[in-house]
Amino acid sequence: MTWIKQGSIAAFALAASLLLAHVHPFGNAGLFAAGATQPPIPDHGAIPPSVRAILTTKCADCHSSQVRTPFYGHFAPMSWLIERDIMEARQSMNLSQWDTYTADEQQALAAKIVQETRSGDMPLPQYRMIHWNARITSADLQTLSGWAHGTPAPADSAAQPTSAGDPVHGAALFEKRCTGCHSLTTSREGPLLKGVYGRTTGAVPSFPYSNALKNAHLAWNDQSLDKWLADPDAFLPGNNMDFLVTRPQERKDLIAYLRQSAAQ
């Protein structure tokens with residue numbers, strides 16, 4: 001009779017888990033929606049096919065509106081953890097809505113994709129433990145990096161600067177395009193930038209700089225920052241930054257902001 005009792009308890013627990021999976025403490029990510037009829041990423045030229053294939057296989061399960069629910073995702077509390085990760089991922093970037101992002105936002109997101117995949121922060125470790133095909137290979141990283149560096153800039157990106165740097169506009173640019181990886185006061189994927197103007201490369205204690213930056217021993221000033229922001233790879237090959245600022249005037253504005261923040 002003991003095994004009958006144990007079986008009854010197991011059946012009750014299973015049924016309870018299935019029912020509790022329809023409770024959404026972190027938000028409803030659509031785990032139980034009907035099968036997707038649209039690709040998770042828009043199927044056109046905005047994202048090259050080689051890049052789209054990588055993002056679809058290794059990112060879209062969380063960073064898109066289309067959900068592929070695994071078997072274990074039908075049971076709580078696993079379903080809750082999956083929904084938590086999906087809801088947070090969509091807030092950061094939803095690949096299904098790529099066309100709704102501005103050119104600036106797309107460029108910043110492409111750079112952040114490369115930054116976080118190179119550092120191993122994405123895909124999430126718990127996702128990689130279950131989905132072995134989600135591991136980012138060196139070939140994947142090369143493809144993503146090439147895409148990020150070639151992300152189309154706004155139409156007037158070739159225009160020459162028309163004025164001295166505007167720190168107010170630079171602050172707005174920093175907030176919109178840089179804070180995904182940087183902060184003035186704390187290190188994130190990139191080092192803190194308070195006081196970067198005037199200091200030397202690789203100078204933030206304990207930050208894991210690339211060897212290219214640690215060994216450069218260059219001073220960050222108007223000229224070096226302009227070259228760095230225009231094309232980090234051309235300026236210091238082997239670094240880990242994948243973000244470009246193609247507009248000369250925007251570079252001047254950002255540098256003016258960094259110069260001002262260093263003096264405050």
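Let's start with three rings. Trp 98, Tyr 101 and Trp 147 form one aromatic cluster. Keep in mind that this is a predicted model. How many aromatic pairs does the structure hold? Seven.

Here is one of those pairs. Phe 174 and Tyr 257 sit 5.4 Å apart, centre to centre. Their planes are 50° apart, and the pair is tilted. Why tilted? Stacked needs planes under 30 degrees apart, and edge-to-face needs over 60, so 50° counts as tilted. Where do the two residues lie? Phe 174 is in helix H7, residues 167-177. Tyr 257 is in helix H11, residues 248-263. The two parts are 83 residues apart in sequence, so this pair ties them together. Are Phe 174 and Tyr 257 buried or exposed? Both are buried.

Back to Trp 147, from the cluster. Trp 147 also takes part in a contact between helices H2 and H6. Two packed helices are described by the angle between their axes and the distance between the axes. H2 covers residues 49-58, and H6 covers residues 138-149. The angle is about 120°. The axes are 10 Å apart. Why do we call H2 and H6 oblique? Roughly perpendicular stops at 115 degrees, and roughly antiparallel starts over 145, so about 120° is oblique. The crossing of H2 and H6 is left-handed.

Who makes the contact? From H2, look for Ser 50, Val 51, Ile 54, Leu 55 and Lys 58. From H6, look for Asp 140, Thr 143, Leu 144 and Trp 147. By type, the residues of this contact are five nonpolar, two polar and two charged.

Next, a single residue in helix H4, which runs over residues 103-119. Glu 116 lies there. Is Glu 116 buried or exposed? Its relative accessible area is 13%. Buried means under 20%, so Glu 116 is buried. What does Glu 116 touch? Leaving out residues up to four places away in sequence, Glu 116 touches Asp 121, Met 122 and Glu 189.

Last stop, helix H11 again. Ala 262 has its place in H11. Ala 262 has a relative accessible area of 31%. That lies between 20% and 50%, so Ala 262 is partly exposed. Now find Tyr 197, 65 residues away along the chain. The C-alpha atoms of Ala 262 and Tyr 197 are separated by 6.1 Å. Ala 262 touches Tyr 197, and Gly 195 as well, not counting residues up to four places away in sequence.

Note on methods
Residues numbered from 1 in each chain as written. Predicted model: local features only at pLDDT ≥ 70, side-chain atom pairs only at ≥ 80, totals over all residues. Heavy atoms only, no water. Axes fitted to C-alpha atoms, helices over the stretch in contact; angles between N-to-C directions. Helix = DSSP H or I, 4+ residues; strand = E, 2+ residues; numbered from the N terminus. Left-handed = near helix turned anticlockwise from the far one by under 90°. Contact = heavy atoms within 4.5 Å. Nonpolar A, V, L, I, M, F, W, Y, C, P; charged D, E, K, R; others polar. Phe/Tyr/Trp six-rings, centres within 6.5 Å; stacked < 30°, edge-to-face > 60°. Buried < 20%, exposed > 50% of the residue type's maximum accessible area, 1.4 Å probe, protein only.
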